[in-house]
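User: I am new to this structure and would like to learn how to read it feature by feature. Could you take me through it step by step?

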Amino acid sequence: MKTYNVGIVGATGMVGQRFILLLHNHPWFKITALAASGRSAGKPYKEAIDGRWAMKEPMPESVENIMVEDAQADIDSIVSKVDFVFCAVNMKKDEIKALEQAYAQKECPVISNNSANRFTPDVPMVIPELNPDHIEIIKEQRKRLGTKRGFIAVKSNCSLQSYVPALFPLDKEFGVKDVLVCTYQAISGAGKTFERWPEMIDNVNPYIGGEEEKSEKEPLKIWGKIENGVIVPATKPNFTAQCLRVPVSDGHMAAVFVRFENKPTKDQILKVWENFVGEPQKLALPHAPKQFIKYYAQDDMPQTKLCRDNEGGMAISVGRLREDSQYDYKFVCLSHNTLRGAAGGGLLLAELLCAKGYFD
Ligand SMILES: NC(=O)c1ccc[n+]([C@@H]2O[C@H](COP(=O)([O-])OP(=O)(O)OC[C@H]3O[C@@H](n4cnc5c(N)ncnc54)[C@H](OP(=O)(O)O)[C@@H]3O)[C@@H](O)[C@H]2O)c1
């Protein structure tokens with residue numbers, strides 16, 4: 001298999017650092033460019049990070065001396081070194097939109113972790129196991145951008161990657177009508193560690209700006225259909241969400257209540273989860289978990305610390321499925337927010353696009 005050269009835009013951030021670890025020794029992709037803001041540009045990566053390395057694993061030696069470039073000012077140099085880029089930056093929405101479009105129009109595909117383009121109608125927002133067919137919209141996007149190769153593809157918000165994977169296959173079988181979800185989200189979701197956010201120790205914060213809207217609206221694009229050159233969001237299921245920040249380093253948990261059109265038995269639900277296989281599993285993509293949805297029968301599982309790293313942080317852990325007095329069922333879901341929910345989800349999307357020839 002050919003090796004593809006990859007750039008990370010936002011390489012010094014929390015998600016960028018995850019990308020660095022995940023791409024180390026990747027069988028298809030090799031890091032050849034790192035970019036961040038003007039504050040980091042012009043320095044070797046190790047120096048630009050300047051004590052901000054937040055991963056438990058050490059920084060791979062192979063990136064220590066790569067010179068960080070300016071994501072905006074050095075765009076021509078960056079695109080000349082890569083076949084595509086991952087983008088995870090902390091900038092204003094309109095600036096991110098302009099930045100991602102600039103890379104795409106320089107014929108450099110962009111796999112984005114940012115929210116800026118999630119609702120651009122011809123930009124696919126993909127959880128590779130659930131809606132891989134949405135990447136077909138890229139040919140329409142290329143027409144709009146006037147590109148042959150360049151395009152933008154995005155992954156969804158991190159919180160919904162815990163509960164949407166559990167609901168999506170159930171909807172196909174039994175019709176999901178209403179969903180109430182409360183999320184308990186880790187501090188790395190805000191790009192933070194406890195050292196940099198000591199106020200979160202022994203604390204719960206009931207507000208995460210914009211998160212509830214994303215948690216209710218983004219699933220409907222994932223459930224959407226391609227029609228007349230755009231992705232038309234679905235109008236159901238109905239979602240309502242409350243999102244809380246909790247004192248956990250990594251791992252977003254969700255407590256889910258669900259009402260069905262045709263109420264299944266508990267065994268039917270468990271069978272759907274156990275047997276669910278998506279395109280990444282069929283294609284045996286390097287970062288595809290073997291068992292995407294893992295159910296725990298024990299009452300006190302899944303626990304964040306014990307389960308977030310399942311299958312390299314790419315599997316979804318589910319537990320506590322039981323009947324509810326107001327909804328049909330309730331259960332608990334967990335996913336690793338910077339792996340499946342961010343860099344890992346972006347990487348799996350890139351592997352899917354690569355396997356389907358979108359980087360050639
Ligand atoms: N953390 C998560 O779990 C998570 C999950 C899903 C999605 N996301 C999304 O991923 C993106 C990055 O999140 P993060 O948590 O990694 O943020 P972060 O830790 O704050 O990192 C931000 C990155 O953006 C760069 N940056 C800031 N201003 C810039 C500019 N003007 N030009 C170029 N680069 C600039 C920073 O470079 P410097 O170091 O040079 O300042 C840094 O590399 C955000 O859009 C976030 O919403 C995060």
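Analyst: What follows is a walk through the domains, the ligand shell, two helix pairs and some details of the backbone. Please keep in mind throughout that this is a predicted model.

User: Into which domains is the protein chain divided?

Analyst: A useful start is to look at how a chain is split into parts. Here the protein chain is divided into domain 1, made of residues 4-157 together with 343-355, and domain 2, which covers 160-335. The C-alpha centres of domain 1 and domain 2 lie 24 Å apart.

User: How many residues of each domain are in contact with the other?

Analyst: The contact between the two parts involves 33 residues of domain 1 and 28 residues of domain 2. On the side of domain 1 that touches domain 2, the largest share, seven residues, comes from α13. Sorted by class, that side of domain 1 has 17 nonpolar, ten polar and six charged residues.

User: Which residues come nearest to the ligand?

Analyst: For a ligand, one looks at the residues around it and then asks where they come from. There are 28 residues around this ligand, and those that come nearest are Gly13, Ala36, Ser37, Ser40 and Gly191. The elements giving two or more residues to this shell are α1 (14-23) and α13 (339-355), and the largest share, three residues, comes from α1. Both domains take part, since domain 1 and domain 2 each supply at least three residues to the shell.

User: How many nonpolar, polar and charged residues does the shell around the ligand have?

Analyst: The shell around the ligand has ten nonpolar residues, 17 polar ones and one that is charged.

User: At what angle do the axes of α1 and α13 cross?

Analyst: For a pair of helices, one reads the approach of the axes, the angle and the handedness together. The axes of α1 and α13 come within 9 Å of each other and cross at roughly 50 degrees, which means that α1 is oblique to α13. Their crossing is right-handed. In this contact, Val15, Arg18, Phe19 and Leu22 of α1 meet Leu339, Ala342, Ala343, Gly344 and Leu347 of α13, a set with seven nonpolar, one polar and one charged residues.

User: Where do α7 and α9 meet, and what is the handedness of their crossing?

Analyst: The same reading can be applied to helix α7 (residues 160-174) and helix α9 (residues 266-275), whose axes come within 10 Å and cross at roughly 115 degrees. The crossing of α7 and α9 is right-handed. Ala166, Pro169, Leu170 and Glu173 in α7 meet Ile269, Val272 and Trp273 in α9, and these residues divide into six nonpolar, no polar and one charged.

User: Which peptide bonds are cis, and where do their prolines lie?

Analyst: As a general idea, most peptide bonds are trans, and most residues other than glycine have a negative phi. Against that background, the peptide bond from Lys236 to Pro237 is cis, with omega near 5 degrees, and Pro237 has its place in the loop between β9 (230-232) and β10 (238-245). The bond from Met301 to Pro302 is also cis, again with omega near 5 degrees, and Pro302 lies in the loop between β12 (293-296) and α11 (304-307).

User: What is the phi of Asp50, and where is this residue found?

Analyst: The phi of Asp50 is near 45 degrees, which is a positive value in a residue other than glycine. Asp50 is found in the loop that runs between α2 (45-49) and α3 (61-64).

Terms used:
Residues numbered from 1 in each chain as written. Predicted model: local features only at pLDDT ≥ 70, side-chain atom pairs only at ≥ 80, totals over all residues. Near = placed C-beta within 6 Å. Helix = DSSP H or I, 4+ residues; strand = E, 2+ residues; numbered from the N terminus. Nonpolar A, V, L, I, M, F, W, Y, C, P; charged D, E, K, R; others polar. Domains from an automatic or database assignment. Axes fitted to C-alpha atoms, helices over the stretch in contact; angles between N-to-C directions. Parallel < 35°, antiparallel > 145°, perpendicular 65-115°, else oblique. Left-handed = near helix turned anticlockwise from the far one by under 90°. Contact = placed C-beta atoms within 7 Å.
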